[in-house]
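Here are a few exercises to work through with the model open beside you. Try each task before you read its solution.

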Amino acid sequence: MAKAAAVLLIAALLGLVSASLADQGTATYYTVYTPSACYGYQDEGTMIAAASDGLWDNGAACGRMYQVSCAGGTNATPNPCKGGSVTVKIVDRCPSPGCQATLDLSQEAFNTIGNLDAGKILINYNQV
């Protein structure tokens, strides 16, 4: 019994460590996926995102993968998060000053973790 408790404690601590390593930001969503700044008219699927200037890295962000989870709402929309996470590939740039988020997710990716009615959510994200 003590061994099982120790295993659970270690797993919980590892979970806290990995959660603390996540970056925090915001996510919005978009619906027109091509052309993209990285791949032009090439179809890269629907689990994709555009990177804000802070992540864009002069185009080096193209192809990077991020695991993203909803951390809360940014407005009064009830139940902004669905739980879980989604892994997205950076295929585009979300340039300033129009970009309103750290990651601009595809509608499908956003809908996996958040309520579309929220429009903008708080996120935790890690490059994977």
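**Exercise 1.** Work out which hand the disulfide of Cys 70 and Cys 81 has, and where its two ends sit.

*Solution.* Start with the bond itself: the sulfur atoms of Cys 70 and Cys 81 are 2.0 Å apart, and a disulfide here is a pair of cysteine sulfur atoms within 2.5 Å. Next, take the torsion about the S-S bond, which is about -65 degrees, so this disulfide is left-handed. Then place the ends: Cys 70 is in strand β3 and Cys 81 in the loop between β3 and β4, 11 residues apart. Helices (H or I, at least four residues) and strands (E, at least two) are DSSP runs, numbered from the N terminus. Last, check burial: Cys 70 is buried at 15% relative accessibility, while Cys 81 is partly exposed at 29%. The cut-offs are under 20% relative accessible area for buried, over 50% for exposed and partly exposed in between (1.4 Å probe, protein chains only).

Some housekeeping: this is a predicted model, where local features need pLDDT of at least 70, side-chain atom pairs count only at pLDDT 80 or more, and totals for chains, interfaces and linings use all residues. Residues are numbered from 1 along each chain as its sequence is written, and side-chain values use heavy atoms, with hydrogens and water left out.

**Exercise 2.** Find the other disulfides and give the overall pattern.

*Solution.* The structure holds 3 disulfides. One of them joins Cys 38 to Cys 62; its S-S torsion is about -80 degrees, so it is left-handed. Cys 38 lies in the loop between β1 and β2 and Cys 62 in the loop between α2 and β3, so the bond ties together parts 24 residues apart in sequence. Another joins Cys 94 to Cys 99, with S to S at 2.1 Å. Here the torsion is about 105 degrees, so this disulfide is right-handed, and both of its cysteines are buried. Counting bonded cysteines along the chain gives the pattern 1-2, 3-4, 5-6.

**Exercise 3.** Trace the barrel, then locate Thr 26 in it.

*Solution.* First, the order: 6 strands close into a barrel as β1-β5-β2-β4-β3-β6, with mixed pairing. Two strands pair if DSSP finds at least two bridges between them. Now follow β1 (residues 23-30), home of Thr 26. β1 is antiparallel to β6 over 5 bridges and parallel to β5 through 4 bridges. Thr 26 has Leu 122 in β6 as its bridge partner, Ala 27 faces Ile 121 in β6, and Tyr 29 is opposite Leu 105 in β5. Thr 26 is buried, at 17% relative accessible area.

**Exercise 4.** Which residues touch the most other members of the largest nonpolar core?

*Solution.* Recall that a nonpolar core is a set of buried Ala, Val, Leu, Ile, Met, Phe, Trp, Tyr and Cys residues joined through side-chain atoms within 4.5 Å. The largest has 22 residues, and Val 68, Leu 103 and Leu 105 touch the most other members. A second, separate core of 7 residues includes Ile 48, Val 91, Cys 94 and Cys 99. Back to Leu 103: beyond its neighbours within four places in sequence, its contacts (heavy atoms within 4.5 Å) include Thr 26, Val 68 and Ile 123.
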